[in-house]
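Reader: I am new to this structure and would like a close look at a single part. Please take one helix and the residues around it, and then follow the links outward.

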Amino acid sequence: KWAYDNILDIIALGFDPNKKTIFWTPISDYYIPDNDIDPYVFGLLGKMRDRQVIARFSPSLEAASLADAKPYPNMIIDRPGVRLEGGLELSKEDDDRLMNEIYSSDVVVCGPSTIALDAVFMGKPVVLAGFHPKPRPYLKSVMRRYDYDHFAFAIQCGAVRLARSEEELKKFIDEYIKNPSQDEQGRERLINAYAGPRDGKS
């Protein structure tokens with residue numbers, strides 16, 4: 001059970017409960033050499049004036065080009081954790097806020113991250129960013145990450161959609177917002193394969 005219901009949490013974030021919300025998290029420089037995807041998708045989402053965006057940055061994986069990024073008018077930025085001398089410390093509030101941000105969103109946009117699985121387990125449609133502003137060789141692109149067994153299976157069973165272009169990203173977001181039950185059976189297949197019965201006895 002999450003800390004707030006959907007509408008209350010959106011209001012707490014300062015958003016309009018009558019507008020649709022996208023949750024986005026960067027892929028990070030760790031996974032993409034010369035990371036050009038994160039600033040590109042950040043800009044694309046920021047220009048979707050009829051949507052509102054929660055941009056949740058990783059507490060441990062950097063997206064250097066967005067380190068000082070300011071939110072677009074339709075966006076809030078969440079940078080969790082507190083930097084201490086020995087590293088980064090996350091609080092229970094940080095974890096709870098992540099759950100609420102995903103739960104309160106209508107669509108989740110991310111890369112090859114466990115965030116995708118978190119969202120699927122909460123019944124949220126997921127769009128994976130699988131394109132660069134300019135074409136790249138396969139081994140230097142994000143696409144190779146989606147060929148890893150666990151992500152390939154998620155895509156093959158229809159639990160998530162892989163956007164291979166800016167046009168597909170917008171199309172999939174719009175389709176999910178119009179009909180969030182799309183691919184529900186695929187999400188169930190992934191949950192059953194990875195988690196088994198949800199009976200509280202794991």
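Author: What follows starts at helix α6, moves to the loop after this helix, and ends with the aromatic residues.

The model is a predicted one. Helix α6 covers residues 166-178, and several charged side chains in this helix take part in salt bridges. Take D174 to begin with. The side chain of D174 meets that of R51 in a salt bridge, with 3.0 Å from N to O. R51 belongs to strand β2, residues 51-56, while D174 belongs to helix α6, so this pair ties together parts that lie 123 residues apart in sequence. The two partners differ in how much of their surface is accessible. D174 has a relative accessibility of 31% and therefore counts as partly exposed. R51 has 13% and therefore counts as buried, because the cut-off for buried is under 20%.

Two further salt bridges stay inside the helix. E166 pairs with K170, and their closest N and O atoms are 3.0 Å apart. Both residues lie in helix α6 with a spacing of four residues, about one turn of the helix. K170 is partly exposed, at a relative accessible area of 35%. K171 pairs in turn with E175, where the closest N and O atoms are 3.1 Å apart. These two also sit in helix α6, four residues apart, again about one turn. K171 counts as partly exposed at 42% relative accessibility, and E175 counts as partly exposed at 24%. Elsewhere, R56, D78, D94, R97 and E101 are joined into one network by salt bridges that share partners. In total, the structure holds 13 salt bridges. As a general point, side chains of opposite charge can pair when their charged atoms come close.

Next comes the loop between α6 and α7, where D183 is found; helix α7 spans 184-195. With 26% relative accessibility, D183 counts as partly exposed. Apart from neighbours within four places in sequence, D183 is in contact with G158, R161 and Y176. With Y176 there is a polar contact between the side chains, at 2.5 Å. E89 is 94 residues from D183 along the chain, and the C-alpha atoms of the two are separated by 36 Å.

A nonpolar patch on the surface is formed by F121, F153 and Y194, which together have about 260 Å² of accessible area. One of these residues, F153, lies in helix α5, residues 149-156, and counts as partly exposed at 32% relative accessibility.

Aromatic rings also pair with one another, and the structure holds seven aromatic pairs. In one of them, W24 and F57 are edge-to-face, 6.1 Å centre to centre with 90° between the planes. This pair links distant parts of the chain, with W24 in strand β1 (residues 20-24) and F57 in the loop between β2 and β3, 33 residues apart. Both W24 and F57 are buried. Another edge-to-face pair is made by Y40 and F131, at 6.1 Å centre to centre and 80° between the planes. Y40 lies in helix α2 and F131 in the loop between β7 and α5, so to speak of this pair is again to speak of distant parts of the chain, 91 residues apart. Y40 is partly exposed, with a relative accessible area of 26%, whereas F131 is buried, with 5%. Finally, ring pairs link W24 and F57 with F42 and Y72 into a cluster.

Technical notes: Residues are numbered from 1 along each chain as its sequence is written. This is a predicted model: local features need pLDDT of at least 70, side-chain atom pairs count only at pLDDT 80 or more; totals for chains, interfaces and linings use all residues. Side-chain values use heavy atoms; hydrogens and water are left out. A salt bridge is a side-chain nitrogen of Lys or Arg within 4 Å of a carboxyl oxygen of Asp or Glu. Buried means under 20% relative accessible area, exposed over 50%, partly exposed in between (1.4 Å probe, protein chains only). Contact means heavy atoms within 4.5 Å. A polar contact is a pair of N or O atoms within 3.5 Å; within protein, one must be able to donate a hydrogen and the other to accept it, and residues adjacent in sequence count only if both atoms are side-chain atoms. Patches are made of residues with over 30% relative accessible area and no salt bridge: like charges are joined within 9 Å, nonpolar side chains (Val, Leu, Ile, Met, Phe, Trp, Tyr) within 5 Å. Accessible areas come from the Shrake-Rupley method with a 1.4 Å probe; for residues, only the protein chains shown count as cover. Rings of Phe, Tyr and Trp (its six-membered ring) pair if their centres lie within 6.5 Å; planes under 30 degrees apart count as stacked, over 60 as edge-to-face and the rest as tilted.
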